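Student: I've just opened a new structure and I'm not sure how to read it. Could you walk me through some of its features?

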Amino acid sequence: MTKQTACVFACSEAFAFALYVTLKTFFAHSPQLATESDVFIYAYRWSKHTKDIISSCGTVKIIDYDLPADIPRNALIMRFTPALYARFEAFNLLDKYQNVICLDSDILVQKELIGAIDEMTENIGLVKDTLPFVSKNFLNPIEGYDLSKPCFNAGFIVLKKQQFPVSCTRTARWLYSMLGEQVDNIELGDQGIINLSLQKFNLRPYVFSNLWNMPASNPRNKLNKAFIIHSTGHRKFWAYYYFHEWYSAYTQWNKTGGTPVSIRKNSTQWDYLLNIFALKKSCFFQLAPDGYQHPIKFITFFLKFLFHIKY
């Protein structure tokens, strides 16, 4: 039976550990959407080993991805790697599917997401970003575009083919073309380009409540109500903040032989201590704050770990 919906995820090899947790929570807490969708993973320079581990999360279609060759790999592009721009492919998929949902790779899914399709009454659905204006996505102004418009986060996007006013593939081509033009001006990757497309094609977004894409920095009582918790800004799940379900799934990632998180920064003294006691491979010590530099954060993290506190 042909499925009507596609779900899109993407990341580089370095962030595959985060995507593993995202997929574990997606298949566990949004089983209806997961079952009724074709799940696409756009993978930038993944090893076969990583592909095998990610495939163990559920039924997914892994596609090797890179940017078109004519887009320079400058420092701004490589800051997030080309994987970030695979979200443009969601517009191409809209030619084959009635609905496409894009989800970021560093989220916790807490509830069934199928309802987003029915809730949305426009051609594109988004959640407002914590950044107030589109201008924050670029280094300099762009002629012909109003960068004082409200900014929408690219970590949760819902598209509907039935109501889409322009050719989906034309939109995707424009996104890549605009990226090429702004390659030396982008500050936050694909998000700014997607926000510009709303003006280019007169797309009127359906604005979802931030329950559908809630920053992890929110208070616990708000996080409990969220469909998706997103580790935006400094509050990454793998950077000193204890989120019990994320920690548990990351532990599974380690046990399957996944590459440990490598984007944490610890002091030389901390690494030396962990090596002496052969603790560096422990998930707890991979994720816990540096006990030398952040003793209070370390104690807080330890207590939450000890008592399995949710957030």
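**Reading the model piece by piece**

Tutor: Let's begin with a pair of strands: β5 and β10 (residues 228–230) pair in the antiparallel sense, over 3 bridges. Keep in mind as we go that this is a predicted model.

Student: Which residue of β10 does I107 stand opposite?

Tutor: I107 faces H230 in that strand.

Student: In what order do the strands of that open sheet run?

Tutor: To read a sheet, list the strands in the order they lie side by side. Here 3 strands form an open sheet, in the order β5-β10-β9, and the pairing is mixed. β5 (107–109) and β9 (214–215) stand at the edges, each with a single partner strand, so one side of each is left without a neighbour in the sheet.

Student: Let's turn to β1. Which strands does β1 pair with?

Tutor: For each partner, look at the direction and the number of bridges. With β2 (residues 37–44), β1 pairs in the parallel sense over 8 bridges, and S12 stands opposite Y44 there. With β4, β1 also pairs in the parallel sense, over 4 bridges. On that side C7 stands opposite I101.

Student: Is β1 mostly covered or exposed?

Tutor: Check the residues, then check each face. In β1, 8 of its 8 residues are buried. One side carries T5, C7, F9 and C11, the other A6, V8, A10 and S12, and all of these are buried, which leaves both faces covered.

Student: I noticed cysteines in there. How many disulfides does the structure hold?

Tutor: The way to check is to compare sulfur positions: a disulfide needs two cysteine sulfur atoms within 2.5 Å. This structure holds 0 disulfides.

Student: Why does C7 have no bond to another cysteine?

Tutor: Its closest cysteine sulfur is in C102, and at 8.9 Å that is too far for a bond. C7 is also buried, with a relative accessible area of 0%.

Student: And how far is the sulfur of C168 from the closest cysteine sulfur?

Tutor: The distance is 13 Å, again to C102, and again too far for a bond. C168 is buried as well, at a relative accessible area of 6%.

Student: Now for empty space. What is the volume of the largest pocket?

Tutor: With a pocket, ask about volume, then lining, then chemistry. The volume of the largest pocket is about 890 Å³. Its lining has 36 residues, and F80, L84, D104, D106 and K236 lie nearest the centre.

Student: Which elements supply that lining?

Tutor: β1 (5–12), β4 (99–103), β6 (124–133), β7 (150–160) and α8 (190–200) each supply at least two residues. β1 gives the most, with 5 residues. That's the strand we just saw with both faces covered.

Student: How does the lining of the largest pocket divide by class?

Tutor: Count 17 nonpolar, 12 polar and 7 charged residues.

Student: What about closed spaces: how many cavities of 30 Å³ or more turn up?

Tutor: Searching the whole structure gives 1 cavity of that kind. The largest cavity has a volume of about 40 Å³. Around it sit F237, Y241, Y242, F243, W246, Y247, L287 and F301. By class, that lining has 8 nonpolar residues, with no polar and no charged ones.

Student: Where is Y247 found, and is it buried or exposed?

Tutor: Y247 is in helix α10 and counts as buried, at 9% relative accessibility. You can also compare sequence and space: Y247 and Q191 are 56 residues apart in sequence, and 28 Å apart C-alpha to C-alpha.

Student: How far apart are Y20 and W253, in sequence and in space?

Tutor: They are 233 residues apart in sequence and 7.0 Å apart in space, C-alpha to C-alpha. Y20 is in helix α1 (residues 16–29), and at 2% relative accessibility Y20 counts as buried.

Student: One last stop, a loop. Where is S267 found?

Tutor: Place a loop residue by the elements on either side. S267 is in the loop between α10 (244–255) and α11 (268–276). S267 is buried, with a relative accessible area of 7%. A polar atom of the S267 side chain lies 3.1 Å from the backbone nitrogen of W270.

Conventions. Residues numbered from 1 in each chain as written. Predicted model: local features only at pLDDT ≥ 70, side-chain atom pairs only at ≥ 80, totals over all residues. Heavy atoms only, no water. Pairing = 2+ DSSP bridges. 1 Å grid on protein atoms, 1.4 Å probe; cavity = no way out; pocket = protein on both sides within 12 Å on 5 of 7 lines; lining within 4 Å. Points joined across faces, edges and corners; volume = space filled by probe spheres on them. Nonpolar A, V, L, I, M, F, W, Y, C, P; charged D, E, K, R; others polar. Buried < 20%, exposed > 50% of the residue type's maximum accessible area, 1.4 Å probe, protein only. Polar contact = N/O pair within 3.5 Å; in protein donor to acceptor, adjacent residues only side chain to side chain.
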